[in-house]
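Here's a quick tour of a protein and the small molecule it holds. Have the sequence and the 3D view open while you read.

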Amino acid sequence: MKIKMYEVREDEKKAIERVAEELGADVSISSNILTPQEAESLRGIDGVSILGRTTVNKELLDGLKKAGVGYVSTRTVGYNHMDVAYAAEVGIRLCNANYPPYGVAEFTIMLMLLALRKYKPAMWRQGVNDYSLSGLQGREIRNMTVGVMGTGKIGRAVIKDLGGFGCRILAYDPYPAEDLKNTVEYVDGDTLLRTSDIITLHIPLMESTRHMINREAIAKMKTGVVIINASRGELTDIEALTEGIETEKIGALAMDVFEDENGIYHESRINDIIRNRKMAYIRQFPNVVLTQHMAFYTDANTDSMVECGIRGIVEMKEKGSCASELHP
Ligand code: COI
């Protein structure tokens, strides 16, 4: 079984060696993004594994098909970068990762605390020996109503972590989970928007959820609302968020993801002119925290992502299916 893994980071290499040996797979690696131009060189490879920066579109899938590659695994949970319908049409099988939700959930709580305790301007001041307190008064989660949008694996891990703070927790999900009904108050989307002091997004990106946090949604929110996004940037309309910050309707914003982050996040662009005006503008505000899509990035998750990436291909080919196979 021959597998080629793309977008491989240094810290993945040990796990790759271990899993490849355990599963008897012949794994080669590249730190590059997989492009359609590269597909031709993949003859003899059974499956490829990628992370979130490779776009698995029609062109790439056609190239892979031509080269005889039958399987693609993404070592990410989100799979909005893959054309699942077209892959099924050409007979290439896809799977995603199902690494544990705890790292992202903990990072989400950290973003809430950073925003509520005004840690970004506090850090700026520290750097220039300004130890004053004025303007840095924070708020406590325990006195707040937190609205969790999406109660899948990550949303429910966030809910569990929030349990220790003693806050009121509202949740919205088109498919409410029976076992959470004693822990959270399930409400409709509008009630969550209108009632929450903090809103945290744990919804997958699909056509129906793109820009779900838009002007109309923000208008329904409480003045001073805190919005947290560790899911996908495209869930929010950044123009609307920017207006919300400018008008002070939004009290604070913390986002681990950004629309059009591809080509910026997970790369050093320190000497470059970055052409993303929306990002450049919004990141200057003291009450806007941006992190570089790193909520997932823990030691435990790295191991699990590698394991999912290799095992998924091996199981699809050898056993006929794997637990996280993607179907249109
Ligand atoms: C995911 O697993 O969906 C992530 O957001 C992680 C990242 C490497 C793209």
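The notes below go through the ligand site, the aromatic pairs, two histidines, the annotated domains and a few distances.

This is a predicted model, where local features need pLDDT of at least 70 and side-chain atom pairs count only at pLDDT 80 or more, while totals for chains, interfaces and linings use all residues. Residues are numbered from 1 along each chain as its sequence is written, and side-chain values use heavy atoms, with hydrogens and water left out.

**Around the ligand**

- Which residues sit around the ligand? They are T76, V77, G78, Y99, R232, H293 and F296; to make this list, a residue needs a heavy atom within 4 Å of the ligand.
- Sorted by type, this shell has three nonpolar residues, three polar ones and one charged one. Here Ala, Val, Leu, Ile, Met, Phe, Trp, Tyr, Cys and Pro count as nonpolar, Asp, Glu, Lys and Arg as charged, and the others, Gly among them, as polar.
- Now for polar contacts, which are pairs of N or O atoms within 3.5 Å (within protein, one must be able to donate a hydrogen and the other to accept it, and residues adjacent in sequence count only if both atoms are side-chain atoms).
- Y99 puts a polar side-chain atom 2.5 Å from a ligand oxygen, and R232 has a polar side-chain atom 2.8 Å from an oxygen of the ligand.
- G78 joins in with its backbone: a polar atom there is 2.7 Å from a ligand oxygen.
- How much of the ligand's accessible area does the protein cover? On its own the ligand has 280 Å² of it, and the protein covers 90%; such areas come from the Shrake-Rupley method with a 1.4 Å probe, and for residues only the protein chains shown count as cover.

**Aromatic pairs**

- A pair of aromatic rings is described by the distance of the centres and the angle of the planes.
- Searching the whole structure turns up two aromatic pairs. Rings of Phe, Tyr and Trp (its six-membered ring) pair if their centres lie within 6.5 Å; planes under 30 degrees apart count as stacked, over 60 as edge-to-face and the rest as tilted.
- Y281 and F285 have ring centres 5.4 Å apart and planes at 90°, so this pair is edge-to-face.
- F296 and Y297 have ring centres 5.6 Å apart and planes at 40°, so this pair is tilted.
- Are these rings' residues buried or exposed? The cut-offs for relative accessible area are under 20% for buried, over 50% for exposed, and partly exposed in between (1.4 Å probe, protein chains only).
- F285 is buried at 14%, while Y281 is partly exposed at 36%.
- F296 is buried at 11%, while Y297 is partly exposed at 40%. You've met F296 already, as one of the residues around the ligand.

**Two histidines with positive phi**

- H293, another residue around the ligand, has a positive phi of about 50° although it is not a glycine.
- You'll find H293 in the loop between β12 (288-290) and α12 (299-318); helices (H or I, at least four residues) and strands (E, at least two) are DSSP runs, numbered from the N terminus.
- H293 is buried, with 15% relative accessibility.
- H211 also isn't a glycine, and its phi is positive, near 55°.
- The loop between β9 (198-201) and α9 (215-220) is home to H211, which is partly exposed at 26%.

**Domains from the record**

- An unreviewed UniProt entry gives residues 14-325 as "domain: D-isomer specific 2-hydroxyacid dehydrogenase catalytic". UniProt positions are given in the numbering used here, feature names are shortened, and annotations may be inferred rather than shown by experiment.
- Over residues 14-325, the chain is 36% helix and 15% strand, with the end C-alpha atoms 25 Å apart.
- Residues 109-295 carry the UniProt annotation "domain: D-isomer specific 2-hydroxyacid dehydrogenase NAD-binding" (unreviewed entry).
- Across residues 109-295, helix makes up 29% and strand 16%, and the end C-alpha atoms are 10 Å apart.

**Sequence versus space**

- T54 is in the loop between β3 (47-50) and α3 (58-67) and is buried at 0%. T54 and L34 are 20 residues apart in sequence and 5.7 Å apart in space, C-alpha to C-alpha.
- F107 is in helix α5 (residues 102-116) and is buried at 11%. F107 and G263 are 156 residues apart in sequence, with 23 Å between their C-alpha atoms.
- Y281 belongs to helix α11 (residues 277-282). Its C-alpha atom is 32 Å from that of L170, 111 residues away along the chain.
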